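Dear colleague,

Here is the structure I promised to hand over, and I would be glad if you opened it beside this message. My notes on what was found in it follow below.

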Amino acid sequence: MAARSRPASGALQGWAVTTTTDNAPDWAPDPAFAAGSTALARLPLCESAFSSTPAFPWLILIPRVAFAQELEDLAGSTALGLMDEIILAGWAVRAIGEALGRPVAKLNVGALGNVTSQLHVHVVGRRPDDAAWPGPVWGVADAVGYGVADLALALAAARLAVARTPPL
């Protein structure tokens with residue numbers, strides 16, 4: 001299989017679509033996601049959510065695959081689609097950092113699922129001056145959410161990033 005330097009154009013187009021057909025009628029996001037995040041966009045494979053943790057620009061991807069808990073629960077082409085969406089989420093996380101005047105130096109990607117077992121992937125922007133650097137982000141975040149203006153700015157940047165085709 002040939003390596004791809006960027007997602008297929010069909011995957012990019014899906015980011016702007018918010019009314020795709022669900023092929024997993026038994027699927028629903030775990031209610032825990034609603035408590036700490038805001039829905040961002042419906043992608044070809046995943047629901048994406050913006051984490052309300054202001055210490056880090058952070059997106060969560062939740063594949064619409066019924067009963068999936070592990071990456072190994074995804075078929076080959078579905079797993080590749082998830083990788084495409086992780087890359088796109090990384091571009092969106094970088095756009096959030098830029099919009100807030102805190103450019104991302106490193107992307108962290110993780111699919112832990114120790115608390116919420118439904119398969120989901122965290123894409124987190126990191127900086128050497130963030131509250132957890134160089135350690136993990138888990139349990140370090142502020143209890144206070146984004147301010148209204150920063151939340152609007154961050155969501156707008158993320159939505160713009162996922163709606164456009166990034167440069168090569």
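Arg64 has a relative accessibility of 4%, and because buried means under 20%, Arg64 counts as buried. Please keep in mind throughout that this is a predicted model, and that what I describe was computed from it.

Which residue does the side chain of Arg64 meet in a salt bridge? The partner is Glu47, with a distance of 3.1 Å from N to O. Glu47 belongs to strand 2 (residues 46–51), while Arg64 sits in the loop between strand 3 (58–63) and helix 3 (76–99), so this pair ties together parts that are 17 residues apart in sequence. Glu47 also counts as buried, at a relative accessibility of 19%. The side chain of Glu47 meets that of Arg42 in a salt bridge as well, here at 2.6 Å from N to O, and Arg42, Glu47 and Arg64 are thus linked in a network of salt bridges.

The structure holds five salt bridges, and another one of them joins Asp129 and Arg127, whose closest N and O atoms are 2.8 Å apart. The two partners of this bridge can be looked at one by one: Asp129 counts as partly exposed at 46% relative accessibility, whereas Arg127 counts as buried at 19%.

The aromatic residues come next. A pair of aromatic rings is described by the distance of the centres and the angle of the planes, and there are three aromatic pairs in the structure. In one of them, the rings of Phe56 and Trp58 have their centres 6.1 Å apart and their planes at 65 degrees, so the pair is edge-to-face. Phe56 and Trp58 are both buried. The rings of Trp58 and Trp138 likewise form an edge-to-face pair, because their planes stand at 70 degrees, with the centres 5.5 Å apart. Since Trp58 lies in strand 3 and Trp138 in the loop between strand 5 (121–126) and helix 4 (148–163), this pair ties together parts that are 80 residues apart in sequence.

Is each tryptophan of this pair buried or partly exposed? Trp58 counts as buried at 7% relative accessibility, while Trp138 is partly exposed, with a relative accessible area of 41%. Taken as a group, Phe56, Trp58 and Trp138 are linked by ring pairs into a cluster.

When you turn to the helices, you could look at helix 3 and helix 4, whose axes come within 8 Å and cross at roughly 145 degrees, in a crossing that is right-handed. On the side of helix 3 the contact is made by Trp91, Ala92, Ala95, Ile96 and Ala99, and on the side of helix 4 by Leu153, Ala154, Ala157, Ala158, Ala161 and Val162. Sorted by class, this contact has eleven nonpolar residues, and no polar and no charged ones.

Finally, the protein as a whole. Its secondary structure comes to four helices and five strands, and from the N terminus on these elements run in the order α-α-β-β-β-α-β-β-α. The protein has 168 residues, of which 41% count as buried. If one takes the contacts with a separation of 6 or more, residues 24 or more positions apart account for 63% of them.

With best wishes

Methods
Residues numbered from 1 in each chain as written. Heavy atoms only, no water. Salt bridge = Lys/Arg side-chain N within 4 Å of Asp/Glu carboxyl O. Buried < 20%, exposed > 50% of the residue type's maximum accessible area, 1.4 Å probe, protein only. Helix = DSSP H or I, 4+ residues; strand = E, 2+ residues; numbered from the N terminus. Phe/Tyr/Trp six-rings, centres within 6.5 Å; stacked < 30°, edge-to-face > 60°. Axes fitted to C-alpha atoms, helices over the stretch in contact; angles between N-to-C directions. Left-handed = near helix turned anticlockwise from the far one by under 90°. Contact = heavy atoms within 4.5 Å. Nonpolar A, V, L, I, M, F, W, Y, C, P; charged D, E, K, R; others polar.
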